[in-house]
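Here are my notes on the model you sent over. I've kept them as numbered points so you can reply to each in turn.

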Amino acid sequence: MQAAASDLNGKATGFDNDAFGVVLAQVLAVPAWIALGAGADTLNKLRSDLDSAASTTDSTAKNYQSTDQDNAQSFTSVNGSR
């Protein structure tokens, strides 16, 4: 996702002046830069949110596994077998 956001930023800064002429290119480029920059920011935020969610999920899974192991040992201690 970070590569996609960087690619979007790269495309936002490049514009084909020869196709439209310098003045028209500048008029069209500013809104395009803003729109593509906002898209890149959205992708970066999404990547950050997904990283956070993945980290939370991993941490929760490890906690559940640890709790299950602790409970299994407790039951083994009380019962003498599984």
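1. A term before the contacts: a polar contact is a pair of N or O atoms within 3.5 Å; within protein, one must be able to donate a hydrogen and the other to accept it, and residues adjacent in sequence count only if both atoms are side-chain atoms. By that rule, the side chain of Thr 60 contacts the backbone oxygen of Thr 56 at 2.8 Å.

2. Some ground rules. This is a predicted model, with local features needing pLDDT of at least 70 and side-chain atom pairs counting only at pLDDT 80 or more, while totals for chains, interfaces and linings use all residues. Residues are numbered from 1 along each chain as its sequence is written, and side-chain values use heavy atoms, with hydrogens and water left out.

3. On confidence: the mean pLDDT (the predictor's confidence in each residue, from 0 to 100) is 78 for the protein chain, and 65% of its residues reach 70 or more. Helix H2, residues 17-20, has the lowest confidence in the chain with a mean of 56, whereas H3 has the highest at 85.

4. The fold is quick to describe. There are three helices and zero strands in the protein chain, so labelled because helices (H or I, at least four residues) and strands (E, at least two) are DSSP runs, numbered from the N terminus. Read from the N terminus, the order is α-α-α. Helix H3 covers residues 22-79, and Thr 60 sits in H3 too.

5. How much of the chain is buried? Of its 82 residues, 7% count as buried, where buried means under 20% relative accessible area, exposed over 50%, and partly exposed in between (1.4 Å probe, protein chains only). The accessible surface of the protein chain is about 6200 Å², with 58% of that belonging to carbon and sulfur atoms; these areas come from the Shrake-Rupley method with a 1.4 Å probe, and for residues only the protein chains shown count as cover.

6. On contacts (heavy atoms within 4.5 Å): among those in the protein chain with a separation of 6 or more, 61% are between residues 24 or more positions apart.

7. Now the charges. Side chains of opposite charge can pair when their charged atoms come close. The structure has three salt bridges, each being a side-chain nitrogen of Lys or Arg within 4 Å of a carboxyl oxygen of Asp or Glu. Lys 45 pairs with Asp 49, closest N and O atoms 3.0 Å apart; Arg 47 pairs with Asp 51 at 3.4 Å; Lys 62 pairs with Asp 58 at 3.2 Å.

8. Why are Lys 45 and Asp 49 separated by about one helical turn? Because they are four residues apart in helix H3. The spacing is again four residues in H3 for Arg 47 and Asp 51, so about one helical turn, and likewise for Lys 62 and Asp 58.

9. Exposure of those partners: Asp 49 is partly exposed at 39%, as are Arg 47 at 24%, Asp 51 at 46% and Asp 58 at 40%. Lys 62, at 52%, counts as exposed. Back at the polar contact, Thr 60 is partly exposed at 33%.

10. Finally, which residues make the nonpolar surface patch? Val 23, Leu 24, Val 27 and Leu 28 do, over about 360 Å². Patches are made of residues with over 30% relative accessible area and no salt bridge, joining like charges within 9 Å and nonpolar side chains (Val, Leu, Ile, Met, Phe, Trp, Tyr) within 5 Å. Val 27 lies in helix H3 and counts as exposed because its relative accessibility is 53%.
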